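Work through the following exercises with the sequence and the model at hand, and try each task before reading its solution.

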Amino acid sequence: MSAPPPPRLGLLPTLIFASRWLQLPLYLGLIVAQCVYVFLFGKELWHLIHRAPALGEQEIMLIVLGLIDVVMISNLLMMVIVGGYETFVSRLRLEGHPDQPEWLSHVNASMLKVKLAMAIIGISSIHLLKTFIAAGSLKGLPFCTPEQLALMKAEMAITSTQCTQMTPDGVLWQTIIHCVFILSAIGIAWTDRLMTHVSKPGHASH
């Protein structure tokens with residue numbers, strides 16, 4: 001038995017529903033941003049290979065953490081592009097495709113928010129780890145002057161042995177922001193669980 005034809009929509013509902021395609025340039029723009037991150041990853045990897053003999057263990061670790069950071073941001077972009085397009089624009093029709101992401105089969109707006117929150121926590125964790133590693137080697141270095149910062153930027157230096165850009169307040173605020181991300185993710189997941197629990201049949205209040 002064939003499925004019934006979709007109901008005909010009026011002019012205004014059709015226009016409103018078709019407006020979802022206005023998001024398409026946004027997702028295409030994120031694909032361009034993904035290409036930029038691929039270029040950034042290749043550039044940082046080339047710097048690591050080219051400068052490896054002259055770098056210490058800590059400097060190599062910081063560069064590798066930077067590469068992991070780029071990969072995690074790229075993963076976040078993919079979740080937004082694929083999950084957002086599937087949820088808010090149109091079906092990708094990947095059912096049965098061998099490369100279909102496991103999470104895409106049950107993605108919705110709430111699930112996407114939870115996964116994005118977890119990805120942001122992962123990215124924040126990498127940044128915080130880089131900060132703690134760098135802070136462990138400060139040994140009372142003075143704060144960088146604007147001239148030293150400009151020189152470091154021009155030479156694309158990862159670290160400097162003469163000064164530091166970090167302050168105790170900066171490290172503290174970065175830690176606080178990371179904790180806020182964690183609490184926000186817990187709140188989003190808890191709210192999603194409550195809404196799912198209430199929406200299930202048989203859980204209506206008596």
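**Exercise 1.** Locate R20 and work out which partners its side chain has.

*Solution.* Start with the position: R20 sits in the loop that links α1 (11-18) to α2 (24-51), where helices are DSSP runs of H or I with at least four residues, numbered from the N terminus. The model is a predicted one, in which local features need pLDDT of at least 70 and side-chain atom pairs pLDDT 80 or more, while totals for chains, interfaces and linings use all residues. Residues are numbered from 1 along each chain as its sequence is written, and side-chain values use heavy atoms, without hydrogens and water.

Next, look for a charge partner: R20 is buried (under 20% relative accessible area, 1.4 Å probe, protein chains only), yet R20 has no salt bridge (a Lys or Arg side-chain nitrogen within 4 Å of an Asp or Glu carboxyl oxygen). The nearest side chain of opposite charge, E86, is 11 Å away.

Then turn to the backbone: a polar atom of the R20 side chain lies 2.9 Å from the backbone oxygen of F17, and the R20 side chain also reaches the backbone oxygen of V89 at 2.6 Å.

**Exercise 2.** Identify the residues of the largest nonpolar core and the helices that supply them.

*Solution.* The largest such core (buried Ala, Val, Leu, Ile, Met, Phe, Trp, Tyr and Cys residues joined through side-chain atoms within 4.5 Å) has 5 residues, namely I73, L76, M79, A119 and I123. Both α3 (57-88) and α4 (109-135) supply at least two residues of this core, and α3 gives the largest share, with 3 residues.

Terms used. Buried < 20%, exposed > 50% of the residue type's maximum accessible area, 1.4 Å probe, protein only. Lys, Arg positive; Asp, Glu negative; His and termini not counted. Polar contact = N/O pair within 3.5 Å; in protein donor to acceptor, adjacent residues only side chain to side chain.
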